[in-house]
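Here is a report on one chain and its ligand site. Have the structure open and follow the residues as they come up.

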Amino acid sequence: MNISVDKQPCDVIVIGGGPCGSTASALLAEKGHRVILLEKEKFPRYHVGESLMPFCYFTLKRLGVLEEMEKQAFVKKHSVQFVSKDGKISDPFYFFQHFDHPAATTWQVERSVFDNMLLRNAEAKGVDVREETEVRGFNYEGDRVVGVTAKGKDGQEYTLEAPLTLDCTGRDALFLRKKSWRKRDPKLNKIAIWTLYKNAKRDEGLDEGATTVAYVDGRGWFWNIPLRNNIVSSGIVAERDYLYRDSRDPKVIYEREIEKNSWIKEHLGEGEQFGEYWVTGEYSYRGEHCASDGLVMAGDAFAFLDPVFSSGVFLALKSGEMAADAIGKALEQGDVSAGQFSNYGEDLCGMIEVMRKLVYAFYDENFSFGELIKRHEEIRPMLTDCLIGDLDGKDYTPLAEAIGELASVPEPLAHGRVPQAVT
Ligand SMILES: Cc1cc2nc3c(=O)[nH]c(=O)nc-3n(C[C@H](O)[C@H](O)[C@H](O)COP(=O)(O)OP(=O)(O)OC[C@H]3O[C@@H](n4cnc5c(N)ncnc54)[C@H](O)[C@@H]3O)c2cc1C
């Protein structure tokens, strides 16, 4: 097939129009850079991951979309609550009890609407957004990425050049896969099955919009995320062997597991399941590196952490913001080598590690939040800081030490930084 050349001048090619790509491209356009964003789907499109963390607020504020968020009237999330295997609910973690700021109230969003809003915001800021355009490969000069080859919506392939490419392709993780740089987290190897319910039971008052995490056997858990129009996003995450022990049919597995937790059974029992059962495996991973000469990765395209604490969209927004700032600096200095992104990689890995410790603790048979707080009431504010996403530049060693009394806390992963420069 004939591959044409698109000669449109461009400073940054952003691949993927999820929260990460939209954030980064909008901020780069605001800095005056020419940005082309290539997205393989036509928006709005369905996406899992509806529950936001409070600290999403700050990136959304910087993007100038808080007013639009209010207009959408998404369900307000004030807390996260945990339900034991036998259906007992613990005291919710109300974010406002610890954090007196508008950000303490966050949202449960339909991602089709939320992601589309962010993509349109990028477009309004001058980003050349090209939907139904799939990036097929990266183009190189020596080892340096100098652009991409994409297939446009007319089916035609074309190449595009830019000094920098930002990979925000989500769990497709295009660059990591091409380089075989995707490294699974050694212990967080789960699968998820999820679906939607209509008219399920909702808690009342402040708790109506809470994210509920309900345990099932073998450290598996359900999420219950109330959305607008009486819809609930419901999913289960657990070990593959546990979920597939007597069937591989997602509907059969789901219905079997609902019976295992009385809180979930009571809440979903009043509702009606609709739509698909989605399944995903190959859970948590991180890239061997976060950048290469001429290319940076952000959001799920760089790392994915088990979603038990709803950190995904927060990390996508935050890393999009961090990547945009680092790219802005690199372009200003005329140096797009991987080394320019060493602080970016270090800071991002540091933030992910804080959440990762909490995720490991969550899956440890010996750990419970109740026990942690009973032993260390003084750690509650720090734990809440972590759960709201206040991760930037904070020292969480005391929290890790307290958790370490109850659960085994993982060492930080050695990878995820920029490749060492060859001298
Ligand atoms: C089961 C599950 C439950 C989750 N629950 C939550 C939750 O409750 N809260 C939360 O915060 N997070 C949750 N997450 C995580 C959250 O979904 C992600 O972290 C978040 O969507 C990452 O944003 P992103 O912009 O990096 O990637 P995405 O949102 O995945 O966006 C990537 C975009 O890139 C496009 N793309 C991919 N390949 C190409 C290509 N070759 N060319 C062009 N475009 C391409 C895709 O079409 C997509 O639009 C969950 C994840 C899973 C798997």
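Leu-295 is in contact with Val-145, Thr-165, Asp-167 and Phe-175, leaving aside neighbours within four places in sequence. The model is predicted, and these contacts are read from it. Leu-295 sits in strand β21, which covers residues 295-297. Is Leu-295 buried or exposed? Leu-295 has 25 other C-beta atoms within 10 Å; the cut-off for burial is 20 or more, so Leu-295 counts as buried. Thr-59 lies 236 residues away from Leu-295 along the chain, and 23 Å separate their C-alpha atoms.

**The nonpolar core**

Val-296 also falls within the 295-297 span of β21. In the largest nonpolar core, which has 140 residues, Val-296 and Ile-327 touch the most other members. Both domain 1 and domain 2 supply this core with at least three residues each. Ile-327 touches Val-12, Leu-28, Leu-164, Leu-166 and Val-296, again not counting residues up to four places away in sequence.

**Two domains**

The chain is divided into domain 1 and domain 2. Domain 1 is made of three segments, 3-74, 109-184 and 286-345. Domain 2 is made of 76-107 and 190-280. Taken over C-alpha atoms, the domain centres are 29 Å apart. Across the boundary, 17 residues of domain 1 are in contact with 19 residues of domain 2. On the domain 1 side, helix α2 (residues 56-63) gives the largest share, three residues. That side has twelve nonpolar, two polar and three charged residues.

Which residues of α2 are buried? They are Cys-56, Tyr-57, Thr-59, Leu-60 and Leu-63. An α-helix has 3.6 residues a turn, so residues three or four places apart point the same way. The buried residues of α2 pack against several elements: α1, α3 (66-72), β7 (106-108), α4 (111-124) and α9. After α2 comes Gly-64, with a positive phi near 80°.

**The open sheet**

Seven strands form an open sheet with mixed pairing. Their order is β6-β5-β15-β16-β17-β14-β18. β6 (93-94) and β18 (272-280) are the edge strands; each has a single partner, so one side of each has no neighbour in the sheet. β18 pairs with β14 (residues 190-198) in the antiparallel sense, over six bridges. Within this pairing, Ile-193 has Val-279 of β18 as its bridge partner.

**The ligand shell**

How many residues surround the ligand? There are 38, and the closest are Gly-18, Gly-49, Gly-170, Gly-299 and Gly-312. Domain 1 and domain 2 each contribute at least three residues to the shell. By class, the shell divides into 16 nonpolar, 14 polar and eight charged residues. Strand β14, already met in the sheet, is one of the elements that supply at least two shell residues each. The table lists these elements.

| Element | Residue range | Residues given to the shell |
|---|---|---|
| α1 | residues 19-30 | at least two residues |
| β9 | residues 134-141 | at least two residues |
| β14 | residues 190-198 | at least two residues |
| α9 | residues 312-333 | four residues |

Helix α9 gives the most to the shell. Gly-312, one of the closest residues to the ligand, lies within the 312-333 range of α9. Ile-327, one of the two residues that touch the most other core members, falls in that range of α9 too. The buried residues of α2 also pack against α9.

Technical notes:
Residues are numbered from 1 along each chain as its sequence is written. This is a predicted model: local features need pLDDT of at least 70, side-chain atom pairs count only at pLDDT 80 or more; totals for chains, interfaces and linings use all residues. Two strands pair if DSSP finds at least two bridges between them. A nonpolar core is a set of buried Ala, Val, Leu, Ile, Met, Phe, Trp, Tyr and Cys residues joined through C-beta atoms within 7 Å. A residue is buried if 20 or more other C-beta atoms lie within 10 Å of its own, exposed if 12 or fewer, and partly exposed in between; C-beta atoms are placed from the backbone. Domain bounds come from an automatic or database domain assignment. Two residues are in contact if their C-beta atoms, placed from the backbone, lie within 7 Å. A residue is near a molecule or strand if its C-beta atom, placed from the backbone, lies within 6 Å of it. Ala, Val, Leu, Ile, Met, Phe, Trp, Tyr, Cys and Pro count as nonpolar, Asp, Glu, Lys and Arg as charged, and the others, Gly among them, as polar.
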